[in-house]
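Hi,

Here is the structure I promised to pass on. Have a look at it first, and my notes follow underneath.

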Amino acid sequence: MVGAAAMYYKLEWKALVIIGAMTAGFFFIGRSVIDLPLIIAPLMMGIIGGYTFKKEKSLEFFLLAASFSLAVLFSSLFYYMMFYENVDFMGMLRGEMVKFLDAARAPEDIRGQILADFDGSKDDLVARLPFSAFLNSLAMAGIGYAVIKRFL
């Protein structure tokens, strides 16, 4: 992230070409869609940070741009995995809840009610994911801004 910020700060748009080539190289070596956001997220925050400090934009600009960009990135990955790769995140989450309830020795009536409530709210959880991703991205962007500011 800091390297991408410094590169953009010095090279401006030319840094986008270099960082884009690096990202493509990582993708072709690993060929894993799941790993791509882990590579892209810090580079994206770095580019936005370099732009923010080069053009003397505000903290609010950085937070909004980085949070929105990261939320789109993470939400896109989630929906891609869910709809195109058929990964059942809700089924996995339900399985973890069952394990937790078993470990806690929850009474059967309470266990059944909790699982019924979860099953009834699956669609709401999936629909609220972009907002959750935005809030998580906002926290990451705040930390990222402090780190980038320290170095630039």
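For the surface part, I counted a residue towards a patch if it has over 30% relative accessible area and no salt bridge, with nonpolar side chains joined within 5 Å. Bear in mind that this is a predicted model.

On that basis, Leu11, Ile18, Met22 and Phe26 make a nonpolar surface patch of about 320 Å². Helix 2 gives the most to it, with three residues. One of the patch members, isoleucine 18, lies in helix 2 and is partly exposed, at a relative accessible area of 37%.

Then there's helix 3, which runs over residues 36-54 and reaches 27 Å from its first C-alpha to its last, close to the 27 Å expected. Its buried residues include Pro37, Leu43, Ile47 and Phe53. Helix 1, helix 2, helix 4 and helix 8 are among what covers the buried residues of helix 3. Just after helix 3, glutamate 56 takes a positive phi of about 55°.

As for charges, the whole structure has six salt bridges. Glutamate 12 pairs with lysine 54 in one of them, the closest N and O atoms being 3.9 Å apart. Glutamate 12 sits in the loop between helix 1 and helix 2 and lysine 54 in helix 3, so this pair ties together parts that are 42 residues apart in sequence.

Aspartate 119 forms a salt bridge with arginine 94 at 2.8 Å between the closest N and O atoms, and lysine 122 forms one with aspartate 119 at 4.0 Å. Through shared partners, Arg94, Asp119 and Lys122 are joined into one network.

Cheers

Key: Residues numbered from 1 in each chain as written. Predicted model: local features only at pLDDT ≥ 70, side-chain atom pairs only at ≥ 80, totals over all residues. Heavy atoms only, no water. Helix = DSSP H or I, 4+ residues; strand = E, 2+ residues; numbered from the N terminus. Expected span 1.5 Å × (residues − 1). Buried < 20%, exposed > 50% of the residue type's maximum accessible area, 1.4 Å probe, protein only. Contact = heavy atoms within 4.5 Å. Patch = residues over 30% accessible without salt bridge, like charges linked within 9 Å, V, L, I, M, F, W, Y side chains within 5 Å. Areas by Shrake-Rupley, 256 points an atom, 1.4 Å probe, with all protein chains shown as cover. Salt bridge = Lys/Arg side-chain N within 4 Å of Asp/Glu carboxyl O.
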